Amino acid sequence: MEELRVIEIKKEVLYRNNAEAEALRAEMRARHTFLLNIMSSPGSGKTTALIRTIAELGGEYRAGVLEADIESEVDARKIAALGVKTVQLHTGGMCHLDAAMTKEGLSGLNWPDLDIVFLENIGNLVCPAEFDTGAAKSVMLLSVPEGDDKPLKYPLMFSEVDAVLISKIDCLSMFDFDAGALRERVKKLNPAAAVFELSAKTGEGFEAWMRWLRAELRRWNGEAAR
């Protein structure tokens, strides 16, 4: 009688990826390089918020950027125009980055010479949340036009991140968006997650977001958070 063998492919893939991610995270911590994984849906304003974040750092930290897209270099060119070292990652149709892809991209940045690397993940609220990239911290952007119900539809994403950035708050008057309801939904899924409301266009809310980011950088480097 022929034996039937069942292989849990996804479980095995995630197990291997998690091991690679932990090794990468340990190496980056030892060299004091902070990797921030940024996730969102397409059109959330991720690149614009990243550009403003880099500007707010004001050269305080040596920064690099990994730009992930299925195709094109549109966003990478915007970042590179700031004078920031940038590597474009093309996933060839894949809707996420994993630890191996991240490590390959980092090799093109000469990352040990950097204090912080921003990883702009593929625009997707499903796949990127499943794969550990080896980042020190992960954040996601949810724009006001997307609605406040996204934690109900994509709970894994909101459960996995360390912070949620509510972007495009300068558009609040034009949409039926309840920031209080969103905060409650996020906290039910992830009580430890920080939530920030900001506008990359006006700069509103960036002071609190940058305070959080700088504190996390100091913790990563073993410094006392102020």
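Which residues are buried in helix α4? In this predicted model, the buried residues of α4, which spans residues 99-107, are A99, M101, T102, G105 and L106. Seen down the axis of the helix, these buried residues fall within an arc of 160°, so they line one face of α4. The points below begin with the rest of this helix and then turn to the nonpolar cores, the largest pocket and the surroundings of K153.

**Helix α4**
- On the other side of α4 from its buried residues, E104 and S107 are exposed.
- The N-terminal end of α4 is capped by D98, which places a side-chain oxygen 3.2 Å from the backbone nitrogen of A100.

**Nonpolar cores**
- In soluble globular proteins, nonpolar side chains tend to be buried together.
- Here the largest nonpolar core is made up of 30 residues, and those with the most contacts inside it are I116, F118, W209 and L213.
- At least two residues of this core are supplied by each of the strands β1 (34-40), β2 (63-69), β4 (116-123), β5 (137-143), β6 (163-167) and β7 (194-197), and likewise by each of the helices α2 (46-57) and α8 (206-220).
- The largest share of this core, seven residues, is contributed by α8.
- Leaving aside residues up to four places away in sequence, F118 touches L36, I38, L50, T53, I54, L57, A63, G64, V65, L66 and L213.
- A second core, separate from the one just described, has 18 residues, including L125, I169, F177 and V186.

**The largest pocket**
- The largest pocket holds about 280 Å³ of space, and its lining consists of 17 residues, of which A129, F131, D132, S138 and E160 lie nearest its centre.
- Two or more residues of that lining come from each of the elements α1 (9-30), β1, β5 and α6 (155-160).
- Strands β1 and β5 therefore appear in two of these topics, since each gives two or more residues to the pocket lining and each supplies at least two residues of the largest nonpolar core.

**K153 and its surroundings**
- K153 belongs to helix α5, which covers residues 150-153, and K153 is exposed because its relative accessible area of 52% is over the 50% cut-off for that class.
- The side chains of K153 and D149 are joined by a polar contact of 3.3 Å.
- Although K153 and V126 are 27 residues apart along the chain, their C-alpha atoms are separated by 9.8 Å.

Conventions
Residues are numbered from 1 along each chain as its sequence is written. This is a predicted model: local features need pLDDT of at least 70, side-chain atom pairs count only at pLDDT 80 or more; totals for chains, interfaces and linings use all residues. Side-chain values use heavy atoms; hydrogens and water are left out. Buried means under 20% relative accessible area, exposed over 50%, partly exposed in between (1.4 Å probe, protein chains only). Helices (H or I, at least four residues) and strands (E, at least two) are DSSP runs, numbered from the N terminus. The arc is that of the directions from the helix axis to the C-beta atoms. A polar contact is a pair of N or O atoms within 3.5 Å; within protein, one must be able to donate a hydrogen and the other to accept it, and residues adjacent in sequence count only if both atoms are side-chain atoms. A nonpolar core is a set of buried Ala, Val, Leu, Ile, Met, Phe, Trp, Tyr and Cys residues joined through side-chain atoms within 4.5 Å. Contact means heavy atoms within 4.5 Å. On a 1 Å grid over the protein atoms alone, a cavity is a set of points where a 1.4 Å probe fits but cannot get out, and a pocket is an open set with protein on both sides within 12 Å along at least five of seven lines; lining residues have an atom within 4 Å of a point. Grid points are joined across faces, edges and corners, and a volume is the space filled by probe spheres set on the points.
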